Amino acid sequence: MQRIRLRYTKRGRLRFNSHRDFQRAFERALRRAEVPMAYSAGFTPHPKVSYANAAPTGTASEAEYLEIALTEARDPELLRALLDESLPAGLDVVDAVEARAPGLADRLGASVWELRLDGVPPATAQEAVRAFLAAETVEVERQTKKGMRTFDTRGAVAALDVLPAGGDRPQAGPCAILRLVVRHLTPAVRPDDVLSGLRVAADLAPPVPAAVTRLAQGPLDAETGTVTDPLAPDRDDATTLAATPQVASGTQLTAGDGTG
């Protein structure tokens with residue numbers, strides 16, 4: 001059995017699709033691309049697809065991950081292209097590697113988010129960010145499946161900055177762009193929780209809902225505060241394997257050694 005790990009995006013209006021909507025679209029794409037999927041056992045077999053830390057409905061993302069199991073080996077890049085052609089625009093498969101190191105889900109230790117706050121002057125956002133970062137704890141409440149929960153949003157935030165607004169905004173007026181790095185903890189702290197935390201810490205309340213995009217997710221480098229590529233260990237192992245001399249019956253094959 002071969003396992004392939006994929007990175008895909010959720011862009012434009014498709015950010016409003018639920019995770020279940022994407023699952024259905026992806027399973028249809030697997031059938032269209034004639035991918036030799038491995039299936040679960042039991043009375044209702046399902047394709048062996050593992051989704052890792054999907055973004056909340058309503059948020060865009062450049063870095064969603066999943067893993068599929070195949071019954072026959074396929075070239076990862078060719079498979080990526082076939083699946084990308086079979087999915088609607090906005091759900092784009094942008095990277096594929098063969099799984100060669102364990103624990104993809106364990107590598108997703110943090111996310112980088114961009115929050116566009118239309119109607120909020122950057123100076124106002126900067127003051128709110130200073131107040132939030134200066135606090136030891138910033139607790140907010142959110143309704144969950146287990147009832148109302150209280151979250152310490154400050155403890156989950158590894159970095160929070162205000163960036164200059166770009167020139168491609170859909171409307172004129174003040175706009176603040178926040179760059180947020182959040183550790184993946186239990187219970188999970190989401191970007192909207194951090195926005196609630198900014199309201200608690202500094203009474204920051206954007207007049208319109210924030211446009212939220214996940215830019216990256218992966219291991220958090222504690223020294224630099226950056227989020228690195230979670231597929232790098234698979235690529236590194238593939239490179240090492242390709243550079244390793246072939247071995248047969250415990251004997252290294254070299255030119256002129258009489259083997260074969």
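In the predicted model, helix α4 (residues 122–134) packs against helix α6 (residues 191–202) with an interaxial distance of 9 Å and an angle of about 90 degrees. Because angles of 65 to 115 degrees count as roughly perpendicular, α4 and α6 are assigned to that class. The α4 side of the contact is formed by A128, V129, A131 and F132, while α6 contributes V194, G197, L198, A201 and A202. In composition, the contact of α4 with α6 comprises eight nonpolar residues and one polar residue, with no charged residue taking part. The polar member is G197 of α6, since Gly is counted as polar in this classification.

Strand β1 spans residues 2–10 and includes R5. The residue is buried, its relative accessible area being 1%, a value that falls under the 20% limit for burial. Two polar contacts involve the side chain of R5. One is made with the side chain of E67, at 2.6 Å, and the other with the side chain of D234, at 2.8 Å. The arginine in β1 is thus placed in polar contact with the side chains of two acidic residues, E67 and D234.

L6 also lies in strand β1. Like R5, for which the relative accessible area is 1%, L6 is buried, with a relative accessible area of 1%. When residues up to four places away in sequence are left out, L6 touches F26, E64, Y65, L66, I68, L83, V93, D95 and A96. The surroundings of L6 therefore include residues from separate parts of the sequence, F26, L83 and A96 among them. A further spatial relation links L6 with Y51: the two are 45 residues apart in sequence, and their C-alpha atoms are 9.9 Å apart.

At the level of the whole chain, seven helices and twelve strands are assigned. The chain has 260 residues, of which 38% count as buried; R5 and L6 belong to this buried fraction. Among contacts between residues at least 6 apart in sequence, 74% join residues at least 24 apart. The accessible surface of the chain amounts to about 14,100 Å², and carbon and sulfur atoms account for 51% of this area.

Definitions and conventions: Residues numbered from 1 in each chain as written. Predicted model: local features only at pLDDT ≥ 70, side-chain atom pairs only at ≥ 80, totals over all residues. Heavy atoms only, no water. Helix = DSSP H or I, 4+ residues; strand = E, 2+ residues; numbered from the N terminus. Buried < 20%, exposed > 50% of the residue type's maximum accessible area, 1.4 Å probe, protein only. Contact = heavy atoms within 4.5 Å. Areas by Shrake-Rupley, 256 points an atom, 1.4 Å probe, with all protein chains shown as cover. Polar contact = N/O pair within 3.5 Å; in protein donor to acceptor, adjacent residues only side chain to side chain. Axes fitted to C-alpha atoms, helices over the stretch in contact; angles between N-to-C directions. Parallel < 35°, antiparallel > 145°, perpendicular 65-115°, else oblique.
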